[in-house]
Amino acid sequence: MKQISNLLKFYYKLVGIKLFFLFFLMISAVGFEGMGISLFLPILQGEDGDSRITQIIRQIFGFFRIEYTLLYLLLFLVGFFFLRSILLVLQASLVGKIMSDLLVNLRCKIAEKIFQLDYQAFLKESSGYLNNALIMEFEKAIFS
């Protein structure tokens, strides 16, 4: 548990509050996935089904004063999966934003450290080594 706490602190320091928003999106998308799959049960049972899921959907339809028919059930299912897809797109775009911001921040920090090097130590390193450190190694660290 302490290792997880340390990892969360480390990533929070790098990413900030976006980390918790990403967790929220991930948990929401997984929840919508599970609920979306369970929504097929009332469709397979038809309008006369009496499972717990069917009862919950009937209550939701009743709350919004929508008639419980197969057509509205299918529309509800399509809307539900559309909402799930939006959550997945938001999650993917947030992951991309976090990764690109992290890559830029790490490259800026290493560039600052390179400029703080002693000039003689800087001359001893080949330009390929510095280029590799600035470009390739950070991409491997972030995208792996």
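Start by colouring this predicted model by confidence: pLDDT averages 82 over the chain, and 94% of the residues score at least 70. Now pick out the two extremes. Helix α7 (residues 127-143) has the lowest confidence in the chain, with a mean of 71, while α2 has the highest, at 87.

**Stop 1: a pair in α2**

Stay with α2 and switch on the rings. The model has nine aromatic pairs. Select Phe21 and Phe24 for one that is stacked, with 6.5 Å from centre to centre and 25 degrees between the planes. How far apart are Phe21 and Phe24 in helix α2? They are three residues apart in the helix, which spans residues 18-38, so about one helical turn separates them. Add a surface and look at both: Phe21 is partly exposed, with a relative accessible area of 46%, and Phe24 is exposed at 53%, because exposed here means over 50%.

**Stop 2: a pair between two helices**

Next, select Phe61 and Phe76. This aromatic pair is edge-to-face, 5.5 Å centre to centre with 80 degrees between the planes. Phe61 belongs to helix α4 and Phe76 to helix α5, so the pair ties together parts that lie 15 residues apart in sequence. On the surface, Phe61 is buried, with a relative accessible area of 3%, whereas Phe76 is partly exposed, at 25%.

Now widen the selection. Which residues form one aromatic cluster? Show Phe32, Tyr68 and Phe80 along with Phe61 and Phe76, and you have the cluster on screen.

**Stop 3: Thr54**

Keep Tyr68 displayed and move to Thr54, which sits in helix α4. Is Thr54 buried or exposed? Thr54 is buried, with a relative accessible area of 0%. To see what surrounds this residue, ignore its neighbours within four places in sequence: Thr54 is then in contact with Pro42, Gln45, Gly49 and Tyr68. Tyr68 is thus a handy landmark, being a contact of Thr54 and also a member of the aromatic cluster.

**Stop 4: Arg65**

For the last selection, go to the loop between α4 (52-63) and α5 (70-115), where you'll find Arg65. Check its backbone: phi of Arg65 is near 55 degrees, a positive value in a residue other than glycine. Put the surface back on and compare with Thr54: Arg65 is exposed, with a relative accessible area of 78%, whereas Thr54 is buried.

Conventions:
Residues numbered from 1 in each chain as written. Predicted model: local features only at pLDDT ≥ 70, side-chain atom pairs only at ≥ 80, totals over all residues. Heavy atoms only, no water. Helix = DSSP H or I, 4+ residues; strand = E, 2+ residues; numbered from the N terminus. Buried < 20%, exposed > 50% of the residue type's maximum accessible area, 1.4 Å probe, protein only. Phe/Tyr/Trp six-rings, centres within 6.5 Å; stacked < 30°, edge-to-face > 60°. pLDDT = per-residue confidence, 0-100. Contact = heavy atoms within 4.5 Å.
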